[in-house]
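Reader: I should like to go through this model with you in questions and answers. Please give the reasoning before each result.

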Amino acid sequence: MTSPFLQIDGLKKQYGKVVAVENVSMTIEKGEFMTFLGPSGSGKSTTLYILAGFQDPTRGDILLNGRTLLDTPSHQRNIGMVFQRYTLFPHLSVGENVAFPLRVRRRPQAEIAERVRHVLSLVRLEGFEDRMPANMSGGQQQRVALARALAYDPPVLLMDEPLSALDKKLREEIQHEIRRIHHETGVTILYVTHDQEEALRLSDRIAVFSKGVIDQIGTGPELYSNPSTRFVADFIGDSDFMRCQVMAVENGKANIRFADGSIASGIPTHGNVLVGNETSLMLRPERIDLARQPDAMRSSIPVTISDVTFLGNNTHVKATTAWDDELAVRLPYGHECVQGLSRGDRLFVNWSPDVAHIFAE
Amino acid sequence: MLLSYQRLGSWKWVLNGIAVLTGVFLLVPILFIVALSFGSSRWLIFPPPDWTLKWYEELFADPRWLESMLTSAKIASIVTVLSLIFGLLASIALTKGTFRGREVLRAFFLTPMVLPLVVLAVALYALFLELGLNGTLTGFVIAHLIVALPFSIITISNALESFDQSIEDAAVLCGASPWEARFRVTLPSIQHGLFSAAIFSFLISWDEVVLAIFMASPTLQTLPVKIWGTLRQDLTPVIASASTLLIAFTVALMVLVAFIRKGKKS
């Protein structure tokens with residue numbers, strides 16, 4: 001059996017009594033784009049720093065091609081990294097910045113020149129060799145930092161929120177660049193972000209961090225359609241939650257009852273959902289249908305409309321249940337209910353049981 | 001802005017007037033001494049009846065003046081080197097260290113700035129009597145190092161504080177060993193701070209007179225001490241020319257600092 005390309009095995013990091021990450025394990029394929037997604041303090045950056053060698057784990061191991069990385073100091077790990085802050089060497093030109101990792105490796109001059117030209121063209125900054133970092137925009141500086149990290153052909157490239165200091169438009173532009181560079185070079189990328197949209201846009205797979213542990217690892221569509229915890233459901237995409245009580249659980253499906261007595265059955269459960277538990281039913285806003293009549297074939301509850309916002313291709317509707325949970329509903333343009341819809345209208349929301357989720361709380 | 005220069009109206013002229021007066025107040029004594037050094041009057045009459053270079057000739061003809069200049073330069077150079085080394089090490093500890101009492105130590109390092117020089121001079125004199133350091137080059141260097149170090153620490157600490165640690169981390173991940181990263185990335189990145197610290201340290205020692213008077217012996221005198229000593233014996237325009245040289249050298253160094261600052265900004 002061949003060992004996986006990169007394996008993180010039972011990583012734990014503890015500062016005094018505070019556990020920063022615990023039980024973090026995953027395997028990463030060569031050439032994969034893996035994103036660590038989570039809010040600040042969730043342990044995603046700590047995991048990346050351990051990979052970089054800036055911190056030692058309390059427990060666990062990191063294996064690259066089956067060999068541990070932990071006994072190799074940072075500067076010999078041959079890992080590339082792009083930081084959140086601008087880290088170009090201020091006293092060196094762009095060309096010398098990119099050449100730096102090759103110079104410390106004592107590569108021949110001709111090879112350095114060739115390599116610098118190649119990676120600068122990769123990030124579309126040909127001809128910027130003599131520019132000083134102070135005379136460049138933030139986006140350009142991060143592209144140079146990317147070129148510098150790629151100059152020595154590292155097997156793994158770490159990126160720690162590299163775009164968080166840039167404005168939205170520039171961020172999207174560089175996201176495209178990163179995707180293109182990932183495709184062109186085939187480098188394995190571990191990317192840290194707190195921006196779920198950025199994660200979905202870039203990644204092959206996403207590991208969702210919450211409070212120091214990984215809640216779920218999967219592709220974007222997997223996480224969106226089948227989140228395994230309430231946190232993942234809440235963090236990725238928009239979601240509606242309705243309070244309810246579990247009446248019965250069978251084969252991973254639950255029957256529930258809402259506060260107004262309406263019931264719904266056959267809803268997929270995640271985690272250890274127990275009969276009698278107070279919990280929440282999760283739905284994606286675009287999976288909810290609004291109708292004048294209850295739908296006997298599907299789950300259905302009465303609601304009161306509290307807000308209607310027309311946004312062109314979509315109409316965003318806010319609906320309130322009898323027990324005061326607010327639901328966001330997204331109706332496509334031309335939906336039969338949109339016409340004449342206004343605040344205070346009483347309608348029904350309908351959904352198929354199999355697109356809803358119930359999580360252990 | 002509340003205090004916009006453009007909106008001051010006629011107050012602008014008052015402000016300009018004060019600025020000009022301040023400049024004159026600061027510059028006149030210096031211009032005065034420079035003019036006198038080229039004046040022909042033995043009795044320092046102003047305005048000078050005629051112009052001459054003979055005081056400079058006299059200055060350069062006297063080996064004791066040259067010797068004191070050399071002594072000053074020697075002491076200031078050693079002080080500069082030591083002040084840079086100690087200042088850099090102390091600044092690294094103060095900015096990167098995480099030990100207890102760091103703020104207390106920072107305040108302690110800066111006390112020579114606020115301590116009256118005379119007090120320091122008397123204390124050092126008493127101590128050096130015990131150690132036999134009065135009138136020695138070592139004594140001079142230690143005394144001047146004490147007053148130069150706070151300036152060096154402030155300047156280098158500021159430079160280090162504005163230097164992002166991630167830049168050094170980036171150099172390490174690029175394959176540079178931690179020491180290589182410090183020498184090839186961190187030190188060059190704070191070179192403006194190091195230059196400023198060096199020039200300030202040099203000037204502090206070069207200009208210093210209070211400590212120097214206590215440390216000096218008849219055979220070992222700095223230029224300011226020589227000027228002071230000569231002044232007490234007889235008022236000769238040679239003092240004016242020695243002062244002018246002192247000023248010229250100081251101004252040259254300040255101009256250099258200004259150029260370095262400007263280079264940093266662009």
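Reader: In which strand of chain A does A:Asn23 lie?
Author: The model is a predicted one. Within it, A:Asn23 is placed in a strand of chain A, and that strand is β2.

Reader: Is A:Asn23 buried, partly exposed or exposed?
Author: Burial requires 20 or more other C-beta atoms within 10 Å, and exposure 12 or fewer. A:Asn23 has 13 C-beta neighbours inside 10 Å, so the residue counts as partly exposed.

Reader: What is the phi of A:Asn23?
Author: Most residues other than glycine have a negative phi. A:Asn23 is a residue other than glycine with a positive value, and its phi is near 55 degrees.

Reader: Which residue of chain B has a phi near 55 degrees, and where does it lie?
Author: The residue is other than glycine, and its phi is positive. Its 16 C-beta neighbours inside 10 Å make B:Leu44 partly exposed. The position of B:Leu44 is the loop between α1 (11-37) and α2 (54-61) of chain B.

Reader: Which strands stand at the edges of the sheet of 4 strands in chain A?
Author: This open sheet has the order β2-β1-β4-β5 in chain A, with antiparallel pairing. An edge strand has a single partner strand, so one side of it is left without a neighbour in the sheet; in chain A this applies to β2 (18-28) and β5 (67-68).

Reader: In β4(A), which residue is the bridge partner of A:Gln7?
Author: Strand β1 (residues 6-15) and strand β4 (residues 59-64) of chain A pair in the antiparallel sense over 5 bridges. On the β4(A) side, the partner of A:Gln7 is A:Leu63.

Reader: What is the order of the sheet of 6 strands in chain A, and which strands are its edges?
Author: The sheet is open and its pairing is mixed, with the order β6-β7-β8-β3-β9-β10 in chain A. Two strands of chain A have a single partner strand each, so one side of each is left without a neighbour in the sheet: these are β6 (80-82) and β10 (213-218). From one strand to the next, the twist averages 15 degrees.

Reader: Which residue in β9(A) stands opposite A:Leu37?
Author: Strand β3 (residues 33-37) and strand β9 (residues 205-210) of chain A run parallel and are joined by 4 bridges. Opposite A:Leu37 in β9(A) stands A:Val208.

Reader: At what angle to β6(A) does helix α4 of chain A run?
Author: Helix α4 (residues 138-150) lies across β6 and β7 (156-160) of chain A. Angles are taken between N-to-C directions on a range from 0 to 180 degrees. The helix runs relative to β6(A) at about 170 degrees.

Reader: How many of the 13 residues of α4(A) are buried?
Author: The buried residues of α4(A) include A:Gln140, A:Arg143, A:Leu146 and A:Leu150. They pack against β6, α2 (94-104), α3 (109-122), β7 and α5 (168-185) of chain A. The helix is largely enclosed by the rest of the structure, because its buried residues number 11.

Reader: What span does α4(A) reach from its first C-alpha to its last?
Author: At 1.5 Å a residue, the expected span for the 13 residues of α4(A) is 18 Å. The span in the model is close to this expectation, at 18 Å.

Reader: How many helices and strands does chain B have?
Author: From the N terminus on, every element of chain B is written α. The secondary structure therefore comes to 12 helices and 0 strands.

Reader: Which element gives the largest share of the side of chain B that touches chain A?
Author: Between the chains, 17 residues of chain B are in contact with 18 residues of chain A. Two or more residues on the side of chain B come from each of α7 (165-173) and α8 (178-189) of chain B. By class, that side has 9 nonpolar, 5 polar and 3 charged residues. The largest share, 7 residues, comes from α7(B).

Reader: In which helix of chain B is confidence lowest?
Author: The mean pLDDT of chain B is 89, and 97% of its residues reach 70 or more. Confidence is highest in helix α6 (residues 137-161) of chain B, at 94, and lowest, at a mean of 84, in helix α12 (residues 237-265) of chain B.

Reader: What ipTM does the predictor give the complex?
Author: The predictor gives two values for the complex. The pTM is 0.81, and the ipTM is 0.82.

Methods:
Residues numbered from 1 in each chain as written. Chains lettered and ligands numbered in written order. Predicted model: local features only at pLDDT ≥ 70, side-chain atom pairs only at ≥ 80, totals over all residues. Contact = placed C-beta atoms within 7 Å. Nonpolar A, V, L, I, M, F, W, Y, C, P; charged D, E, K, R; others polar. Pairing = 2+ DSSP bridges. Expected span 1.5 Å × (residues − 1). pLDDT = per-residue confidence, 0-100.
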